[in-house]
Amino acid sequence: LRTAPAPSFSHASLIFLPPGVAFGACVRGSQTAAAMGTRAVTVFGTLGVLLAAWAYLSFYDSDNLLGLSPEVRSVVEALPSYSLIVFGCYALVTIGSELFSYRDCDDAAAELREEIKEIKADLKSKNFKF
């Protein structure tokens, strides 16, 4: 007996995915949930290392063991603010570019219209009034 292959993501994760990814309509790439998880681990790991380096330079290197100049130390202390500003700009650009290049899913829209017609016909046959 052959069994169907297990899905690459759980049904609980569908609520966190955009509708196009969750239902397979207009998917840009073939990125699975496992690949998204790997990317998240990489991003959060990198952020953790950068945060640890910043914390060391800001709080624990009070004896200036690395020999940083006062100008460099002031930049290091301001890195979280700069990072937040850069992340905000990145988010705005990403959202703007996605809105600008939004693709319509004509096939999915036509299929949905057909399903609505079928449902209306079924409800009319059951004496439902619109």
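The accessible surface of the chain comes to about 11300 Å². Carbon and sulfur atoms account for 67% of that surface. The model is predicted. Of the 130 residues in the chain, 7% are buried.

**Overall build**

The chain has four helices and zero strands. Read from the N terminus, the order of elements is α-α-α-α. Contacts can also be sorted by separation in sequence. Among those between residues at least 6 apart, 39% join residues at least 24 apart.

**Helix α2 and its residues**

Helix α2 covers residues 33-60 and includes Ser58. Tyr56 also belongs to helix α2. Is Ser58 buried or exposed? Ser58 is buried, because its relative accessible area is 18% and the cut-off for buried is under 20%. Which residues does Ser58 touch, leaving aside those up to four places away in sequence? They are Val76 and Glu77.

Tyr56 has a relative accessible area of 33%, so Tyr56 counts as partly exposed. Tyr56 is also one of the members of a nonpolar surface patch. The other residues in this patch are Phe59, Tyr60, Leu65 and Leu66. Together the five have about 620 Å² of accessible area.

**Helix α4 and the negative patch**

Helix α4 spans residues 106-125, and Asp107 lies within it. Asp107 is exposed, because its relative accessibility is 68% and exposed means over 50%. Asp107 takes part in a negative patch on the surface. The aspartates of this patch are Asp104, Asp106 and Asp107. Its glutamates are Glu111, Glu114, Glu115 and Glu118.

**The salt bridge**

How many salt bridges does the structure hold? There is one. Asp122 pairs with Lys126 in a salt bridge. Their closest N and O atoms are 3.6 Å apart. Asp122 is partly exposed, with a relative accessible area of 37%. Lys126 counts as exposed, because its relative accessibility is 58%.

**Accessibility of selected residues**

The table gathers the residues discussed above.

| Residue | Relative accessible area | Class |
|---|---|---|
| Ser58 | 18% | buried |
| Tyr56 | 33% | partly exposed |
| Asp122 | 37% | partly exposed |
| Lys126 | 58% | exposed |
| Asp107 | 68% | exposed |

Conventions:
Residues are numbered from 1 along each chain as its sequence is written. This is a predicted model: local features need pLDDT of at least 70, side-chain atom pairs count only at pLDDT 80 or more; totals for chains, interfaces and linings use all residues. Side-chain values use heavy atoms; hydrogens and water are left out. Patches are made of residues with over 30% relative accessible area and no salt bridge: like charges are joined within 9 Å, nonpolar side chains (Val, Leu, Ile, Met, Phe, Trp, Tyr) within 5 Å. Accessible areas come from the Shrake-Rupley method with a 1.4 Å probe; for residues, only the protein chains shown count as cover. A salt bridge is a side-chain nitrogen of Lys or Arg within 4 Å of a carboxyl oxygen of Asp or Glu. Lys and Arg count as positive and Asp and Glu as negative; His and the chain ends are not counted. The place of a charge is taken as NZ of Lys, CZ of Arg, CG of Asp or CD of Glu. Helices (H or I, at least four residues) and strands (E, at least two) are DSSP runs, numbered from the N terminus. Buried means under 20% relative accessible area, exposed over 50%, partly exposed in between (1.4 Å probe, protein chains only). Contact means heavy atoms within 4.5 Å.
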